[in-house]
Amino acid sequence: MLLVDDDRELVELLSAVLRAEGYAVDVALDGQRGLHLALTRPYDVVVVDRGLPVIDGLDLVARLRSRSVRTLALMLTAMGGVDDRIDGLDAGADDYLVKPFDLGELIARLRALCRRAAELAAVLRIGSGQLDLQQHEVVLPDGERVPLTTREFALLRALATHPETVHTRSALRRTVFHDAPSPSIVDTYVHYLRSKVGRSVVRTVQGVGYRLGAL
């Protein structure tokens, strides 16, 4: 869990309480440091104050969402008006709690977000569909489930894990197919995926390679 707040006393208190609850906690005292940590380390939940130095909380969360970082965010702030809450949720926050707050309520909200994070970790979004990481199946928008072979799953997972990245054929051949001797193996399995779940699932970037599409 990541705490981003410039109130040192509050951060020390929350860190101690959360660690006593069994959470691993990192701390950032300004928005720039918080953004760096949230972009470079995996967290279940980020707790963000709005009035942060350097980069404010709204901008921090919005930047995470613009870079397809799906880490759940709870905004913890003294700005409690209806418009403030709307702004926070519209920026990409998943929950909003106003200071002063009840510590028990905060812990309960964080437990709920962590449960949700665990559920989200079992799937990757593909537009309106999903890749089920446990069952190795694609869940189409209408709910139909399409089973994948081991290699089909590995390829789609690589694309869905980094949805904004354009992957070269050589990189996919190396990381997904472990340097298989056939130079056309990536194209072959892209064809298999498109045949099973639709051409839009993988986008071709001419002259470069492939990236995740949508369902």
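# A walk through the predicted model

Leaving aside neighbours within four places in sequence, E137 touches Q130, L131, D132, R145, V146 and P147. That residue is found in strand β8, which runs over residues 137-139. Is E137 buried or exposed? With a relative accessibility of 17%, E137 counts as buried, because the cut-off for buried is under 20%.

Before going further, keep in mind that this is a predicted model. The pLDDT averages 92 over the chain, and 100% of the residues score at least 70. Among the elements, β1 has the highest mean pLDDT, at 97, while strand β6 (residues 123-126) has the lowest, at 88.

Now for the helices, starting with α1. Its 13 residues reach 18 Å from first C-alpha to last, close to the 18 Å expected at 1.5 Å a residue. Which residues of α1 are buried? They are L10, V11, L14, S15 and L18. These residues sit on the same side of α1, because they cover an arc of only 130° around the axis. Turn to the face pointing away from that buried side and you'll find the exposed residues R8, E9, E12 and A20. As for what the buried residues pack against, the list is β1, β2 (26-28), β4 and α5. Have a look at the two ends as well. At the start of α1, a side-chain oxygen of D7 comes to within 3.2 Å of the backbone nitrogen of E9. Just after the helix, G22 takes a positive phi of about 100°.

Next along the chain for us is helix α3, residues 57-66, where G57, L60, V61 and L64 are buried. They lie on the same side of α3, since the arc they cover around the axis is only 90°. Their packing partners are β1 (2-4), α2 (31-40), β3, β4 and α4 (82-91). The N-terminal end of α3 is capped by D56, with a side-chain oxygen 3.1 Å from the backbone nitrogen of L58. Just past the helix, S68 has a positive phi of about 65°.

We already met α5 as a partner of α1's buried residues, and now it gets its own turn. Helix α5 covers residues 103-120; at 1.5 Å a residue its 18 residues should span 26 Å, and the end C-alpha atoms are indeed 26 Å apart, so the two agree. The buried residues in α5 are L106, I107, L110, L113, C114 and A117. Why do they count as being on the same side of α5? Because they cover an arc of only 125° around the axis. On the other side of α5, R115 and E119 are exposed. What covers the buried residues includes α1 (8-20), β3 (45-48), β4 (72-77) and β5 (95-98). D102 caps the N-terminal end of this helix: one of its side-chain oxygens lies 3.0 Å from the backbone nitrogen of G104.

Further on, let's look at rings. How many aromatic pairs does a search of the whole structure find? It finds two. One of these joins F177 and Y189: the ring centres are 5.3 Å apart and the planes meet at 40°, so this pair is tilted. Since F177 lies in the loop between α7 (169-175) and α8 (185-197) while Y189 lies in helix α8, the pair ties together parts that are 12 residues apart in sequence. Both F177 and Y189 are buried. Y189 also forms an aromatic pair with Y192, edge-to-face this time, at 5.0 Å centre to centre with 80° between the planes. Y189 and Y192 both belong to helix α8, three residues apart, or about one turn of the helix. Y189 has a relative accessible area of 15%, so it is buried, whereas Y192, with 37%, is partly exposed. Put together, F177, Y189 and Y192 make one aromatic cluster.

The last stop is R211, in strand β12, residues 209-212. R211 is buried, with a relative accessible area of 17%. Which side chain does the side chain of R211 make a polar contact with? It is that of E164, at 3.4 Å. Leaving aside neighbours within four places in sequence, R211 is in contact with L159, P163, E164, T165, V166, V202, R203 and V205.

Key: Residues numbered from 1 in each chain as written. Heavy atoms only, no water. Helix = DSSP H or I, 4+ residues; strand = E, 2+ residues; numbered from the N terminus. Expected span 1.5 Å × (residues − 1). Buried < 20%, exposed > 50% of the residue type's maximum accessible area, 1.4 Å probe, protein only. Arc of directions from axis to C-beta. Contact = heavy atoms within 4.5 Å. Polar contact = N/O pair within 3.5 Å; in protein donor to acceptor, adjacent residues only side chain to side chain. pLDDT = per-residue confidence, 0-100. Phe/Tyr/Trp six-rings, centres within 6.5 Å; stacked < 30°, edge-to-face > 60°.
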